[in-house]
Amino acid sequence: MAITEKELQEIVRQVISEMQGLKPAQQEETGVFDTMEEAIAAAARAQQEIRRMPLEFREKIISSIRKSTLENLRTYAEFGVSETGMGNVGHKIIKHQLVAEKTPGTEDLTTIAWSGDRGLTLVEQGPFGVIGAITPCTNPSETVICNTIGMVAAGNTVVFNPHPAAIGVSCYAVSKINEASMAVGGPANICTTVKKPTLETADVMFKSPTIPLLVATGGPGVVTAVLSTGKRGIGAGAGNPPVVVDETADIENAAISIINGATLDNNLPCIAEKEVVVVDSVADHLIDAMERNGAYKLTDPAKIQQLAEMVVIPNKKGKMQVSRDWVGRDAYKFLNAIGIDADPSVKCIIFEAEENHILVQTELMMPILGIVRAKNADEAMEMGVRLEHGNRHSAHMHSKNVDRLTRFGQMVDTAIFVKNGPSYAALGYGGEGFPTFTIASRTGEGLTSAKTFTKSRRCVMTDALCIR
């Protein structure tokens with residue numbers, strides 16, 4: 001039975017209160033510390049144990065983390081929604097289950113070998129050591145769990161500086177992960193964090209000589225900060241994924257896929273469809289099919305303008321930015337706020353606009369889709385490339401023309417390109433492959449996994465061990 005909102009808020013308060021009241025010995029078990037210096041030192045001690053472990057034992061720890069996550073799916077989901085106010089419980093359960101079941105472990109690590117007359121050479125993947133990671137409020141515990149599995153599989157430990165809006169659920173995830181490690185004889189502090197993450201604690205992480213690798217999952221600001229430290233950085237930053245629909249597409253399937261992809265957890269995943277570009281000759285059919293599958297079409301220009309002014313607002317410097325108050329909210333709540341009576345059956349808000357409309361140009365992370373008409377497929381693809389803004393993150397297309405699918409994939413040059421399906425197929429949900437919530441488009445690693453968090457090491461034996 002689902003717990004009430006009041007009960008969830010009490011859980012949040014209790015967890016944060018308990019974390020704040022922990023004694024040093026208890027901190028050693030939970031991985032949650034008063035200072036970043038303490039968190040880094042604890043992770044460094046744990047890494048000395050992890051690096052000496054056989055892969056088999058690392059996999060034992062990872063299996064325990066998977067089991068713990070699956071046992072706490074609803075708690076993670078309800079905690080995350082309650083604390084951040086973003087997304088919805090059902091979809092967060094799906095995302096945590098996906099992370100628990102399909103995040104690659106030690107099997108992701110490979111060895112290259114050359115043997116011949118002059119001996120044997122191996123190239124193996126070794127750990128960096130202690131990794132410093134910045135995590136978002138949009139997918140907080142999902143990112144903590146996914147990162148830890150991959151980083152520990154590679155022989156690292158990790159120190160997290162979570163987004164301040166998701167302190168409670170992030171600390172809870174760190175605590176449960178360490179509990180899972182200790183349950184099978186592994187060390188505590190395979191991942192650590194601080195009770196009160198701030199810009200100052202992040203700066204300590206950035207400058208620590210103990211941390212050789214930084215991983216940032218978040219907006220362009222935090223990625224830029226990590227890449228400016230002078231250290232090796234992996235940056236998973238912004239995107240504005242377009243979905244292009246041409247006249248050859250299965251329009252009914254396209255409509256269902258776009259609505260489902262754009263509304264997963266209220267559009268919080270960075271890969272989700274953010275705007276639609278459709279060839280004019282099939283636009284009416286697509287819009288009709290989207291309306292039949294949970295979309296509400298706004299047609300009144302005044303209401304569209306009211307929506308835009310509500311969700312994209314000026315900051316203190318006068319620059320327009322997305323209102324955090326509306327990120328990841330339910331679609332019907334936007335409609336209610338602009339004076340339209342709607343209920344939870346509305347999954348997504350759609351409206352027609354020109355390419356330069358602010359709600360089309362801006363990555364919203366909300367179940368709102370602007371629909372732009374194009375004269376033909378070539379114009380649609382060119383528009384899609386412009387709307388992606390060169391982030392090289394994600395793009396999607398619905399077409400039965402293989403040449404066009406190939407051409408758009410080459411043109412947009414993104415880390416993810418989904419064809420004829422919902423965006424989340426890229427994460428292994430309804431598609432092949434593995435999930436991750438750290439998609440490093442800016443630095444080129446793409447979908448990160450255990451091997452991403454390793455460095456190559458060459459081991460050479462001359463004139464021996466070749467037995468051909």
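## Asn260 and its distant partners

Leaving aside neighbours within four places in sequence, Asn260 is in contact with Lys347 and Tyr424. Asn260 itself is found in helix α11, which covers residues 251-263. As you explore this structure, please keep in mind that it is a predicted model.

The stretch around Tyr424 offers another link to Asn260. The C-alpha atoms of Asn260 and Ser423 are separated by 8.5 Å, although these residues are 163 residues apart along the chain. Is Asn260 buried or exposed? The answer lies in between: Asn260 is partly exposed, with a relative accessible area of 26%.

## Helix α4 and its two partners

Now for some helix packing. Two packed helices are described by the angle between their axes and the distance between the axes. A good place to begin is helix α4 (residues 55-71), whose axis comes within 9 Å of the axis of helix α6 (residues 89-102), with a crossing at roughly 160°. Angles over 145 degrees count as roughly antiparallel, and α4 and α6 are therefore roughly antiparallel to each other. The crossing of α4 past α6 is left-handed. On the α4 side, Arg66, Thr69 and Leu70 take part, and they meet His96, Gln97, Val99, Ala100, Glu101 and Lys102 in α6. Sorted by class, this contact of α4 with α6 has three nonpolar, three polar and three charged residues.

Helix α4 also packs with helix α7 (residues 140-153): their axes come within 9 Å and cross at roughly 170°. How are α4 and α7 oriented to each other, roughly parallel or roughly antiparallel? With that angle, α4 and α7 are roughly antiparallel. Here Leu55, Arg58, Ile62, Ile65, Arg66 and Thr69 in α4 meet Ile145, Thr148, Ile149, Val152 and Ala153 in α7. By class, the contact of α4 with α7 has seven nonpolar, two polar and two charged residues. Arg66 and Thr69 are among the α4 residues that meet α6, and Arg66 and Thr69 also appear among those that meet α7.

## Helix α3 against helix α9

The next pair is helix α3 (residues 36-50) and helix α9 (residues 199-207), with axes that come within 9 Å and cross at roughly 40°. That angle makes α3 oblique to α9. The crossing of α3 past α9 is right-handed. Met36, Glu37 and Ile40 of α3 make the contact with Thr201, Val204 and Met205 of α9. Those contact residues divide into four nonpolar, one polar and one charged.

## Two loop residues with positive phi

Most residues other than glycine have a negative phi, and most peptide bonds are trans. With that in mind, have a look at His389, which is not a glycine yet has a positive phi of about 65°. His389 lies in the loop between α16 (377-387) and β16 (394-398) and is partly exposed, with a relative accessible area of 37%.

Asp413 is not a glycine either, and its phi is positive at about 55°. You can find Asp413 in the loop between α17 (402-412) and β17 (416-419). Asp413 is partly exposed, with a relative accessible area of 45%.

## Cysteines without a bond

How many disulfides does the structure hold? The number is zero. Take Cys348: the closest cysteine sulfur, in Cys270, is 18 Å from the sulfur of Cys348, too far for a bond, because a disulfide needs the two sulfur atoms within 2.5 Å.

Cys348 is buried, with a relative accessible area of 0%, whereas Cys459 is partly exposed, with a relative accessible area of 47%.

How values were computed
Residues numbered from 1 in each chain as written. Predicted model: local features only at pLDDT ≥ 70, side-chain atom pairs only at ≥ 80, totals over all residues. Heavy atoms only, no water. Buried < 20%, exposed > 50% of the residue type's maximum accessible area, 1.4 Å probe, protein only. Helix = DSSP H or I, 4+ residues; strand = E, 2+ residues; numbered from the N terminus. Contact = heavy atoms within 4.5 Å. Axes fitted to C-alpha atoms, helices over the stretch in contact; angles between N-to-C directions. Parallel < 35°, antiparallel > 145°, perpendicular 65-115°, else oblique. Left-handed = near helix turned anticlockwise from the far one by under 90°. Nonpolar A, V, L, I, M, F, W, Y, C, P; charged D, E, K, R; others polar.
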